[in-house]
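Let us walk through this structure together, starting with its charged pairs and then stepping back to the chain as a whole. Keep the 3D view open as you read.

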Amino acid sequence: MNKILINNNILNNYKDDNIEIKDNKIFFLSNGDYTLEYISSSNINLNIELKDNITIKLFIISSNNNIKINNNYTLNSNSNLIIYKFYYNKSISEEVLFNLNGTKSMLSYNFSSISKESEEYHIIVKHNNNSVTSRVSNKLIGLNLKIKWPFKE
């Protein structure tokens, strides 16, 4: 499995036959399985694009970060993106936008988190063409939560 690291908010540029990374943009050029890991990062802004007829399994991992994320995904014709994401962060604010632009593009988004402090997520999926499909699944476990009940005991 290919690993893409973002260390201290920096995504290193590189290119091979399967992927191109440049200026915080990731272009998947052929099918594959990848891990994207955030290490010691606080602010992430990525644009990720799948070219036509590409299937990508993307495993996203982040732990022990106080992090703000703003990622945009673009899926073109007959592209299929399967995301498995796991977070165990201190605090997080995340906005994720998925643009299903191509016909028959498909998204499967599977997200799990163990929450230590505050977490806020905005997941936006735009169906911008015919015959597109998306499935979003979220699971969260909260640790050390202080709940204020609206009534007196």
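Three salt bridges are found in this structure, which is a predicted model. As background, side chains of opposite charge can pair when their charged atoms come close.

Begin with lysine 3 and glutamate 37, whose side chains form a salt bridge with an N to O distance of 3.2 Å. This pair ties together distant parts of the chain: lysine 3 belongs to strand β1 (residues 2-7), while glutamate 37 lies 34 residues away in strand β6 (residues 32-39).

Another pair joins glutamate 94 to lysine 85, with 3.1 Å between the closest N and O atoms. Are these two partners buried or exposed? Glutamate 94 has a relative accessible area of 2%, so it counts as buried, the cut-off being under 20%. Lysine 85 is buried as well, at 4% relative accessibility. Here, then, is a salt bridge with a buried glutamate and a buried lysine.

The remaining pair is glutamate 49 with lysine 51, where the closest N and O atoms are 3.6 Å apart. Lysine 51 is partly exposed, with 32% relative accessible area.

If you return to lysine 3, you can use it as a stepping stone to tyrosine 14. Leaving aside residues up to four places away in sequence, tyrosine 14 touches Lys3, Ile4, Ile19, Glu20 and Ile21. Tyrosine 14 sits in strand β3 (residues 14-15) and is partly exposed, its relative accessible area being 31%. You can also look from tyrosine 14 across to isoleucine 26: the two are 12 residues apart in sequence, and their C-alpha atoms are 9.6 Å apart in space.

Now for some backbone geometry. Most residues other than glycine have a negative phi, and most peptide bonds are trans. Against that background, asparagine 64 deserves a look, with a positive phi near 60 degrees. Where does asparagine 64 lie? It is in the loop between β8 (55-63) and β9 (66-75), and at 43% relative accessibility it is partly exposed.

Lysine 104 also has a positive phi, near 60 degrees. Its place is the loop between β11 (91-100) and β12 (106-115). With a relative accessible area of 52%, lysine 104 counts as exposed, because the cut-off for that class is over 50%.

With these local features in mind, zoom out to the whole chain. How many helices and strands does the protein chain have? There are 14 strands and zero helices, so the pattern along the sequence is one β after another. The radius of gyration is 17 Å, close to the 15 Å from the globule rule for 153 residues, so the chain is as compact as a globular protein of that length. Along the principal axes, the C-alpha atoms fill a box of roughly 60 × 35 × 25 Å.

The contacts tell you how the sequence is brought together. Among contacts with a separation of 6 or more, 73% are between residues 24 or more positions apart. Of the 153 residues, 37% count as buried.

Finally, turn to the surface and the charges. The accessible surface of the protein chain is about 8700 Å², and carbon and sulfur atoms supply 46% of it. The chain carries 17 positive and 14 negative charges, and the mean positions of the two sets are 5 Å apart.

Technical notes:
Residues numbered from 1 in each chain as written. Predicted model: local features only at pLDDT ≥ 70, side-chain atom pairs only at ≥ 80, totals over all residues. Heavy atoms only, no water. Helix = DSSP H or I, 4+ residues; strand = E, 2+ residues; numbered from the N terminus. Rg over C-alpha atoms; globule rule 2.2 N^0.38 Å. Buried < 20%, exposed > 50% of the residue type's maximum accessible area, 1.4 Å probe, protein only. Contact = heavy atoms within 4.5 Å. Areas by Shrake-Rupley, 256 points an atom, 1.4 Å probe, with all protein chains shown as cover. Lys, Arg positive; Asp, Glu negative; His and termini not counted. Charge placed at Lys NZ, Arg CZ, Asp CG, Glu CD. Salt bridge = Lys/Arg side-chain N within 4 Å of Asp/Glu carboxyl O.
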